Amino acid sequence: MELLIAYYEEQATYEDLSKRLGIPEGQCRVKLFRAKNRYRKILLAANKK
């Protein structure tokens, strides 16, 4: 969740996020992609109820 907040609210770049997390930029992109997908599934499930 922290990753999504930093990306959208703080408008942090992949480079900024990777430095903050201490991981390569490519791995940061993957983590963000997966976090977006998880959050999307949660929102869709909540809307179905």
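**Note on the predicted model: helices, core and side-chain pairs**

1. The side chain of Ser 18 reaches the backbone oxygen of Glu 15, at a distance of 2.8 Å. The model in which this contact appears is a predicted one. Ser 18 belongs to helix 2, which covers residues 14–21. Is Ser 18 buried or exposed? With a relative accessible area of 6%, Ser 18 is buried, because the limit for that class is under 20%.

2. The surroundings of Ser 18 deserve a separate remark. Leaving aside residues up to four places away in sequence, Ser 18 touches Ile 23, Pro 24, Glu 25 and Cys 28. Of these neighbours, Ile 23 and Cys 28 are among the members of the largest nonpolar core. Glu 25 is partly exposed, with a relative accessible area of 34%, and takes part in a salt bridge with Arg 29.

3. Which residues make up the largest nonpolar core? It has nine residues: Leu 3, Leu 4, Ala 6, Ala 12, Leu 17, Ile 23, Cys 28, Leu 32 and Ala 35. Two elements, helix 1 and helix 3, each give two or more residues to this core. One of the core residues, Ala 6, touches Gln 11, Ala 12, Leu 17 and Arg 20, when residues up to four places away in sequence are not counted. Ala 12 and Leu 17 are themselves listed in the core, whereas Arg 20 is partly exposed, at a relative accessible area of 45%.

4. Helix 3 runs over residues 25–48. At 1.5 Å a residue, its 24 residues should span 34 Å, and the end C-alpha atoms lie 35 Å apart, which agrees with that expectation. The buried residues of helix 3 are Cys 28, Leu 32 and Ala 35. These buried residues pack against helix 1 and helix 2. Cys 28, Leu 32 and Ala 35 also appear in the largest nonpolar core.

5. How many salt bridges does the model contain? The count comes to three. One of them joins Glu 10 and Arg 20, whose closest N and O atoms are 2.9 Å apart. This pair links distant parts of the chain: Glu 10 sits in the loop between helix 1 (2–8) and helix 2, while Arg 20 is in helix 2, ten residues apart from Glu 10. Both partners are open to solvent in part: Glu 10 is partly exposed at 48% relative accessible area, and Arg 20 is partly exposed at 45%.

6. Two further salt bridges lie within helices. In helix 2, Lys 19 pairs with Glu 15, with the closest N and O atoms 3.2 Å apart. Because Lys 19 and Glu 15 are four residues apart in helix 2, about one helical turn separates them. Lys 19 is exposed, with a relative accessible area of 61%, whereas Glu 15 is partly exposed, at 41%. In helix 3, Glu 25 pairs with Arg 29, and here the closest N and O atoms are 3.3 Å apart. Glu 25 and Arg 29 are likewise separated by about one helical turn, being four residues apart. Arg 29 counts as partly exposed, at 41% relative accessibility. An α-helix has 3.6 residues a turn, so residues three or four places apart point the same way.

7. The aromatic pairs number two. The rings of Tyr 7 and Tyr 8 have centres 4.9 Å apart and planes at 85°, so this pair is edge-to-face. Ring pairs link Tyr 7, Tyr 8 and Tyr 14 into a cluster. Tyr 7 counts as partly exposed at 22% relative accessibility, and Tyr 8 counts as partly exposed at 48%.

8. Two residues outside the contacts above may be noted. Asp 16 is found in helix 2 and is partly exposed, with a relative accessible area of 39%. From C-alpha to C-alpha, Asp 16 and Glu 2 are 13 Å apart in space, and they are 14 residues apart in sequence. Lys 49 lies in the segment after helix 3. Is Lys 49 buried or exposed? Lys 49 is exposed, because its relative accessible area of 87% is over the 50% limit. Lys 49 and Val 30 are 19 residues apart in sequence and 29 Å apart in space, C-alpha to C-alpha.

Note on methods: Residues numbered from 1 in each chain as written. Predicted model: local features only at pLDDT ≥ 70, side-chain atom pairs only at ≥ 80, totals over all residues. Heavy atoms only, no water. Buried < 20%, exposed > 50% of the residue type's maximum accessible area, 1.4 Å probe, protein only. Polar contact = N/O pair within 3.5 Å; in protein donor to acceptor, adjacent residues only side chain to side chain. Contact = heavy atoms within 4.5 Å. Phe/Tyr/Trp six-rings, centres within 6.5 Å; stacked < 30°, edge-to-face > 60°. Salt bridge = Lys/Arg side-chain N within 4 Å of Asp/Glu carboxyl O. Expected span 1.5 Å × (residues − 1). Core = buried A, V, L, I, M, F, W, Y, C linked by side-chain atoms within 4.5 Å.
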